[in-house]
Amino acid sequence: MSEAIIVNCPNCKKEVVWGPESPYRPFCSKRCQLIDLGEWAAEEKRIASQSDLSDSEAWSEPEDSSPY
């Protein structure tokens with residue numbers, strides 16, 4: 001039989017067994033899961049990007065010098 005994998009809750013750092021007995025994994029509870037979701041929704045967390053463009057620059061139309 002394989003050993004249980006133990007991870008730390010990303011929010012409170014409590015140990016969590018990675019298996020069916022932990023339905024909110026990697027979080028220890030629904031509360032920690034919702035706290036993390038709220039941080040993403042409030043844009044307190046983000047995935048780093050390679051570009052330095054702002055959101056408005058990324059969506060701007062390319063400049064066209066043709067008169068048509």
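## Exercises on a predicted model

Aspartate 36 is in contact with Phe27 and Lys45, leaving aside its neighbours within four places in sequence. Keep that pair of partners in mind, as we will come back to Lys45. The structure above is a predicted model, and the four exercises below walk through it.

### Exercise 1: Getting your bearings

Work out which elements the chain has and in what order they run.

*Solution.* Begin with the tally: the secondary structure comes to 2 helices and 2 strands. Next, read from the N terminus, where the order is β-β-α-α. Then turn to the surface. Of the 68 residues in the chain, 10% are buried, and the accessible surface is about 6400 Å², with 52% of that belonging to carbon and sulfur atoms. Finish with the contacts: among those with a separation of 6 or more, 2% join residues 24 or more positions apart.

### Exercise 2: Four annotated cysteines

Find where the residues of the "binding site" annotation lie, and say whether Cys9 and Cys32 are buried or exposed.

*Solution.* First, take the residues from the record: the unreviewed UniProt entry places a "binding site" at Cys9, Cys12, Cys28 and Cys32. These span 24 residues in sequence, but no two of their C-alpha atoms are more than 8.2 Å apart, so the four gather at one spot.

Second, place two of them. Cysteine 9 sits in the loop between β1 (6–8) and β2 (15–17), while cysteine 32 belongs to helix α1 (residues 30–41).

Third, check accessibility against the cut-off for buried, which is under 20%. Cysteine 9, at 0%, is buried, and cysteine 32, at 2%, is buried too. Cysteine 12 has 39% and is partly exposed.

Last, list partners beyond four places in sequence. Those of cysteine 9 are Lys14, Val16, Pro26, Phe27, Cys28 and Cys32. Cysteine 32 touches Cys9, Asn11, Cys12 and Phe27.

### Exercise 3: Bonded or not?

Decide how many disulfides the model has.

*Solution.* Recall that a disulfide is a covalent bond between the sulfur atoms of two cysteines. The test used here asks for sulfur atoms within 2.5 Å. By this rule the count is 0. Take cysteine 12: its nearest cysteine sulfur is that of cysteine 28, 3.5 Å away, and cysteine 12 is in no disulfide. For cysteine 32, the closest cysteine sulfur is also in cysteine 28, and at 3.7 Å the separation is too far for a bond.

### Exercise 4: Helix α1 and its salt bridges

Compare the span of α1 with its expected value, then trace the salt bridges that link Asp36, Glu39 and Lys45.

*Solution.* Start with the helix. At 1.5 Å a residue, the 12 residues of α1 should span 16 Å, and the end C-alpha atoms are indeed 16 Å apart, which agrees. Just after α1, glutamate 43 takes a positive phi of about 60 degrees.

Now go back to aspartate 36, which is in helix α1. Its relative accessibility is 14%, so aspartate 36 counts as buried. The contact with Lys45 includes a salt bridge, in which the closest N and O atoms are 2.3 Å apart. Lysine 45 itself is partly exposed, at 30%.

Then look for a second partner. Lysine 45 also forms a salt bridge with glutamate 39, the closest N and O atoms being 3.2 Å apart. A search of the whole structure finds 2 salt bridges, and Asp36, Glu39 and Lys45 are linked in a network.

Key:
Residues numbered from 1 in each chain as written. Predicted model: local features only at pLDDT ≥ 70, side-chain atom pairs only at ≥ 80, totals over all residues. Heavy atoms only, no water. UniProt positions renumbered as here; feature names shortened; annotations may be inferred. Helix = DSSP H or I, 4+ residues; strand = E, 2+ residues; numbered from the N terminus. Buried < 20%, exposed > 50% of the residue type's maximum accessible area, 1.4 Å probe, protein only. Contact = heavy atoms within 4.5 Å. Expected span 1.5 Å × (residues − 1). Areas by Shrake-Rupley, 256 points an atom, 1.4 Å probe, with all protein chains shown as cover. Salt bridge = Lys/Arg side-chain N within 4 Å of Asp/Glu carboxyl O.
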